Amino acid sequence: QVRLFESGGGLVQTGDSLRLSCAASGRTFGRGAMAWFRQAPGKEREFVSASTWSGTYYSGAVTGRFTISMNDAKNKVDLDMTNVTPEDTAVYYCAATGTTFSTGYSDYSQARMYGYWGQGTQVTVSS
């Protein structure tokens with residue numbers, strides 16, 4: 001059984017840095033992808049970033065501030081968040097998909113690409 005475990009959320013202040021981690025058990029994702037989505041109160045879930053076999057992708061809202069990285073074992077992904085703002089406040093979800101031939105932001109930014117999801121970790125940024 002594949003499971004994803006997120007950690008690292010918390011309460012931070014505007015301008016702070018934070019690292020989220022997601023560890024997978026049950027399989028690896030070297031030919032697939034691991035990603036982060038987030039959902040703010042009253043809003044739909046949105047794509048944040050993905051580390052895939054074809055490259056890394058970021059939403060416009062986090063480009064230049066967040067960095068995603070996957071470990072060599074292809075079963076853990078970190079999201080390094082810098083210069084956070086209150087607009088980054090959300091529940092952050094880790095997602096993963098197995099072997100895929102998809103390429104490009106248009107594919108990996110879609111929640112439907114991912115068959116595995118974590119429970120989410122809360123990030124709150126105070127002003």
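This report walks through strand pairing and salt bridges in a predicted model.

## Strand pairing

Let's start with strand 3, which covers residues 18-25 and pairs with strand 1, residues 3-7. The two run antiparallel, and five bridges hold the pairing together on paper. If you would like a residue to click on, try Leu4, which stands opposite Ala24 in strand 3.

Strand 3 also pairs with strand 8, residues 76-81. Here the count is six bridges, and the direction is again antiparallel. Cys22 is a handy marker for this pairing, with Val77 as its bridge partner in strand 8.

## Asp88 and its two arginines

Searching the whole structure for salt bridges turns up six. One of them joins the side chains of Asp88 and Arg38, with an N to O distance of 2.9 Å. This contact spans distant parts of the chain: Asp88 lies in the loop between strand 8 and strand 9 (90-97), while Arg38 belongs to strand 4 (residues 33-39), and 50 residues separate the two.

Asp88 also meets Arg65 in a salt bridge, at 2.8 Å from N to O. Arg65 sits in the loop between strand 6 (55-58) and strand 7 (66-70), 23 residues away from Asp88 in the chain, and this pair too links distant parts of the chain.

How buried are these residues? Asp88 has a relative accessible area of 1%, and Arg38 has one of 4%. Because the cut-off for buried is under 20%, Asp88 falls into that class, and Arg38 does as well. Arg65 is buried along with Asp88.

## The network around Asp78

A further salt bridge brings together the side chains of Asp78 and Lys76, with 2.8 Å between N and O. Salt bridges with shared partners extend the picture, joining Arg19, Lys76, Asp78 and Asp80 into one network.

Are Asp78 and Lys76 buried or partly exposed? Asp78 has a relative accessibility of 10%, so Asp78 counts as buried. Lys76, in contrast, has a relative accessible area of 30% and is therefore partly exposed.

As for the chemistry behind such contacts, side chains of opposite charge can pair when their charged atoms come close.

Technical notes: Residues numbered from 1 in each chain as written. Predicted model: local features only at pLDDT ≥ 70, side-chain atom pairs only at ≥ 80, totals over all residues. Heavy atoms only, no water. Pairing = 2+ DSSP bridges. Helix = DSSP H or I, 4+ residues; strand = E, 2+ residues; numbered from the N terminus. Salt bridge = Lys/Arg side-chain N within 4 Å of Asp/Glu carboxyl O. Buried < 20%, exposed > 50% of the residue type's maximum accessible area, 1.4 Å probe, protein only.
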